[in-house]
Amino acid sequence: MGKSVAIYERESVERLGGSALEAFGGMFFVDSPEQRRMRIADSPERAFNDWKAFAEFDKGALWPQMWAKHLVERSTPDGHDWLKQFGIRWLPVVMWVERGQRIQGNTVPRFHLTWGTGQFLIAQLIKSMRSHASAGRLSLRCGHRVDRFDMHAGKIVSCSGVIEGVEDFRGSAEAVVVAAGGIGGNLEQVREHWSPVEGIELPETLLLGTHPGADGRAVRASEAVGAQVSHVGRMWNYAAGIRHPRPSWPGHGVSLIPPKSALWIDAHGKRMMPPMVSGFDTFDLVQRVCTSPLGFTWQILNRRIALTELAASGADWNPALRERRIVRFLLDMLVGNRWLVDDLTSNCPDMVIAGTVEELAAKMRALTPDARIESEALAHELERFDATAGSPESDEQRQLIERLRRYRADKIRLAKPQRILDPKGGPLIAICEHIVTRKSLGGIVTDLRSRALNSADQPVPGLYAIGESAGFGGGGSHGQRALEGTFLLASVITARRAAEAIAKG
Ligand SMILES: Cc1cc2nc3c(=O)[nH]c(=O)nc-3n(C[C@H](O)[C@H](O)[C@H](O)COP(=O)(O)OP(=O)(O)OC[C@H]3O[C@@H](n4cnc5c(N)ncnc54)[C@H](O)[C@@H]3O)c2cc1C
């Protein structure tokens, strides 16, 4: 658009791309070509109704709701179609996540998996940025951590901070865009800001599912120059976090997509009732884990179920998708993720395997000595659940699974109804799961041009905010719950609105 741009990034050039480098790449689009090909009838009106219902917006949350509407309306033209010109494509089968349970969620499938994950998506955008005709006007300054925004005569004129932790720098510009992510990489920040919904506190152990650079520093710096910040205490965390077998930072957690046919029990071995099944309401699962004894849970399954259902979110854990290897991808889908099950059962400290319930219970007790896992009680819970394997109607978990099975994209990732204690399905696997942090739902309040607003809802001259720093638009466009795949989408669209507004002047 004829402007000169300087990007200040605290990480090295190899880490350029932020969370998208690790992202699974699921994207929320409405009335997309993929949906139309599958004859999924969707519309912005329907999607906004679902979004609003699921979000349970606070009264008076004006900008978050305006952004939610905008994101839904523009998802396909400004997200899908725009990204397509960079060679980005999505799998032809649209996934159906966050269907809602107590609260209505996605009433139709909208989760489009990027062929190549978030890593390919961001690589394509970076490639295009570097090879752009105006690339000469782009200056990329990695290793620069921004600590402050500087104001002159009522306008933001520069940002300043430190290079590689030693030397100071200052960069001046006619507009400054905050694109620094959220607070999900910093446990102190997460705990400090936590604003419990229904009084529910965070458990003692939390895993970190986001890079530590997401520490909220730039958001606080924006607040210091008058930007309004809202809903920072709201996070989109996940219920089934395990310690990363090869951590990149202390407390690094992997978010499992919780196996649906597993028996989900609390820290002391009692089944979580009503049963917990993923795919309906992540927020509800997280709330229930937080209020369960000791604040963590277990999932018990056997290897045969794990081969079909065990999965983890993120580019790291989906190499066939990430590397765009179609044959390997289809094989993983059809015959199971053998390498993933082997890697996690051999290398993740939160997974134990055993041939018998007694041995499994002993290993579970050794891993979490505070928990009271009795092998007899555990065997009893497993036998009771197993007894319903032939009659799905007799158990709520099996009923929910049957609902999922009616959609073909879900069916393929569901194990056939079976007994966990069936010796042919063994060995048994127990997974100790903690809450893992991920996205910040709140941030800098922005208008539809991504301009940062002050407490009087007036633009802070020269300051813009996008992506997670802006709570994905308006300081919290998801309200309390996300329909999923909306984070990458909102990062793209909020950025595009900022660029257009700056170009117009
Ligand atoms: C494992 C994983 C899986 C995910 N899967 C999905 C998915 O399937 N679908 C989806 O929609 N979303 C997903 N997400 C979320 C999504 O990737 C992020 O919400 C989105 O990428 C946020 O982009 P952002 O640019 O706002 O922030 P970030 O990606 O966090 O980027 C912020 C950048 O700013 C830099 N920075 C921070 N502070 C400073 C400072 N003070 N000075 C200079 N630089 C700074 C950081 O180093 C970073 O590079 C996933 C995230 C993770 C971690």
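**Helix crossings and a few residues up close**

S139 lies in strand β4, which spans residues 138-142. Keep in mind that this is a predicted model. Below we go through that serine, then two other residues, then two helix pairs and the buried side of one more helix.

**S139 in β4**
- How exposed is S139? S139 has a relative accessible area of 21%, so it counts as partly exposed; the cut-off for buried is under 20%.
- Leaving out residues up to four places away in sequence, S139 touches V5, A6 and I7.
- If you're after a long-range distance, S139 and S248 sit 109 residues apart in sequence, and their C-alpha atoms are 28 Å apart in space.

**H144 in β5**
- H144 is found in strand β5, residues 144-152.
- Is H144 buried or exposed? With a relative accessible area of 13%, H144 is buried.
- A polar atom of the H144 side chain lies 2.9 Å from the backbone oxygen of C142.
- Beyond four places in sequence, H144 touches Y8, E9, R10, V162, I163 and F169.

**Q35 in α1**
- Q35 belongs to helix α1, residues 33-37.
- Q35 counts as buried because its relative accessibility is 0%.
- What does the Q35 side chain reach at 2.5 Å? It's the backbone nitrogen of D31.
- Not counting residues up to four places away in sequence, the residues that Q35 touches are F29, V30, I40, D42, V94, V108, P109, R110 and H112.

**α2 against α3**
- The axes of α2 (residues 44-55) and α3 (residues 62-84) come within 9 Å of each other and cross at roughly 140 degrees.
- That angle makes α2 oblique to α3, since only angles over 145 degrees count as roughly antiparallel.
- The α2 and α3 crossing is right-handed.
- On the α2 side the contact uses P44, A47, F48, W51 and K52, and these meet Q65, A68, K69, L71, V72 and E73 in α3.
- Sorted by class, the residues of this contact come out as 7 nonpolar, 1 polar and 3 charged.
- As for spacing along a helix, an α-helix has 3.6 residues a turn, so residues three or four places apart point the same way.

**α12 against α13**
- Here the two axes, of α12 (residues 357-367) and α13 (residues 375-386), come within 9 Å and cross at roughly 120 degrees.
- α12 and α13 are therefore oblique to each other, because the roughly perpendicular range is 65 to 115 degrees.
- Which way does α12 pass α13? The crossing is right-handed.
- V357, E358, A361, M364 and R365 are the α12 residues in the contact, and they meet S375, L378, A379 and L382 in α13.
- The class split for the α12 and α13 contact is 6 nonpolar, 1 polar and 2 charged residues.

**The buried side of α11**
- Which residues of α11 (residues 338-347) are buried? They are L340, V341, D343, L344 and T345.
- What covers those buried α11 residues includes two helix-and-strand stretches next to each other in numbering, α8 (303-309) and β15 (311-312).
- Also among the elements covering them are the strands β11 (235-243), β12 (253-257), β16 (351-354) and β17 (428-440).

Conventions:
Residues are numbered from 1 along each chain as its sequence is written. This is a predicted model: local features need pLDDT of at least 70, side-chain atom pairs count only at pLDDT 80 or more; totals for chains, interfaces and linings use all residues. Side-chain values use heavy atoms; hydrogens and water are left out. Axes are lines fitted to C-alpha atoms, for helices over the stretch in contact, and angles run from 0 to 180 degrees between N-to-C directions. Helices (H or I, at least four residues) and strands (E, at least two) are DSSP runs, numbered from the N terminus. Angles under 35 degrees count as roughly parallel, over 145 as roughly antiparallel, 65 to 115 as roughly perpendicular and the rest as oblique. A crossing is left-handed if the near helix is turned anticlockwise from the far one by less than a right angle, and right-handed if clockwise. Contact means heavy atoms within 4.5 Å. Ala, Val, Leu, Ile, Met, Phe, Trp, Tyr, Cys and Pro count as nonpolar, Asp, Glu, Lys and Arg as charged, and the others, Gly among them, as polar. Buried means under 20% relative accessible area, exposed over 50%, partly exposed in between (1.4 Å probe, protein chains only). A polar contact is a pair of N or O atoms within 3.5 Å; within protein, one must be able to donate a hydrogen and the other to accept it, and residues adjacent in sequence count only if both atoms are side-chain atoms.
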